[in-house]
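I opened the file to look up charged side-chain pairs. My notes follow the structure.

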Amino acid sequence: MNDKVVVESISKNEYELFFGPAHPGSGNFSVKLKVDGEKIISARADPGYLHRGFEKLMEYRLPIQNAVLSDRLCVLEALNWNLAHAEAVDELMGTEIPERARYIRVIMAELSRIQSHIIWFGAFSIGTGFDTGFKMAFGYRDYILDLFEMITGGRVYPTGYICPGGVRRDLPDGSKEKILRVLDKVDKMVKLEVMENPAMVARTEGIGILKLSDAIRLGATGPVLRASGMKTDVRKDDPYEVYDRFDFEVPVRNEGDAYARYMIGIEEIKQSISIIKQTLNNIPDGDFIAKKFEKPKLNIKIPEGEVYVRNEISRGEAGIYMVSDGGGKPYRVKIRGPSFLHMISVLEFLLEGTQIADVPAIYWSLNICPADLDR
Amino acid sequence: MKLKIVPNLFKNLFSKPMTVKFPHESIPIPDKYRGEHSYDIDKCISCGLCAKVCLNRAIEMVEAPPEYKDKYPKKYVKVDIGKCCFCGLCQDICPTDALKLTKNFFLSTFDKSTTIKEPFSDEIEKSMGSN
């Protein structure tokens, strides 16, 4: 008799809970959770809130216009997507990129990676209820945005600063000193973080464990895969631009939990700082854009062919597949956003069987970006 | 580990805040900032490249009103700032530097019609002043 009562009460406790898309801690993306009391029985990702149809839009625009469009693939790391798009066009056209432009591209991509990781730290902090971390992160991020404003002319959107053929503007005078000063500030922030907020550790350690075999099966890349114990980084495995000339390490952790992923982000900020310092010391003089692209032209033709470019962006591996039929506009563009697999297969797998209170910690530990998932 | 927070706390108590009090002071705007357009109608050669390269179709080439038709017989640039994404491609492609982006970023408005920048508004103002 008693058993029967218990069974009924469990079934009454089952309900559906929506996490997002208008939740303060979800960011334009929703997860439907099937919950029994506090325990999550199953999770179903529900994308599509931010779909803008970039792949189709790019078929109707010239490469120079697509460079501007590629910012919007992910607001938080616009320059990395700029770089991926520019590389795809450069490879199709066989353009010779000036040395200086390659170095500037690396500096900007790494600065963008640092600010993306800082946002990750901020969002992760507010997700786990650590408000100070959020404010600190966004305060320090603004120093990097000041650099972007000085170099590209816009704080968040560089609007195609890294364009096919090189970069649109040269570094202004005195930018080396300014970049180094900001890097010192970021370094100071990283040291503050490493002091390890005990509440943060308690919220994240042992939560959302992703084993290496599962990570590979579900298609995780970037920091998520590295936190599960695999040493992989496109910058090392398949170097693009001038990354093969720099000395940096790939941080790896074996725990695979939310805390390990968070610490990978912090380690990567340090590595990016060292890459930028090496780049600034070795940057050569010369042109910053190939002669052919100095002024935007409307009649440039892309030779027939297809190309797949992969880049390491802060969230994982970004890919752009581009086909050209010999006209001025690409015939087909396919974009592989790293968040697609992190937010659907990995997130659904990790949320199953956890508590509601752990949802934000797991959700934000994956360093997700709904913009590059929905595209 | 936790005691490390205490010296930081005192340091933060006496340090300057990260933010500035905006209307009274502001951070300097860099020279290459992409803000509101400035258009020099006398330099413009009406080639229409800016209208073609604009990816939001914010630029339209329009004819002059009848009273200015003698002085300006061609088509001139009308910018809709509401559509503009401030990419600066029009500035880069302009062969005579007639269209430029300025440092002005105070562009928020309550009136939708004010986002459209007519090419002849400066001319009209000048003639009003002379009258």
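The entries below cover salt bridges and the exposure of their partners.

Entry 1, conventions. I worked on a predicted model, where local features need pLDDT of at least 70 and side-chain atom pairs count only at pLDDT 80 or more, while totals for chains, interfaces and linings use all residues. Residues are numbered from 1 along each chain as its sequence is written, chains are lettered from A and ligands numbered from 1 in the order in which they are written, and side-chain values use heavy atoms, with hydrogens and water left out.

Entry 2, count. I searched the whole structure and found 29 salt bridges over all chains (a side-chain nitrogen of Lys or Arg within 4 Å of a carboxyl oxygen of Asp or Glu).

Entry 3, A:Lys56 and A:Glu59. I found these two in a salt bridge, with the closest N and O atoms 3.1 Å apart. A:Glu59 counts as buried because its relative accessibility is 16%, and A:Lys56, at 49%, counts as partly exposed (buried is under 20% relative accessible area, exposed over 50%, partly exposed in between; 1.4 Å probe, protein chains only).

Entry 4, B:Asp31 and B:Lys103. I noted a salt bridge between their side chains at 3.5 Å, N to O. The two residues are 72 apart in chain B and link distant parts of it. B:Asp31 is exposed at 66% relative accessibility, whereas B:Lys103 is partly exposed at 39%.

Entry 5, network. I also recorded A:Asp90, A:Arg102, A:Arg105 and A:Glu241, which are joined into one network by salt bridges that share partners.

How values were computed:
Helices (H or I, at least four residues) and strands (E, at least two) are DSSP runs, numbered from the N terminus.
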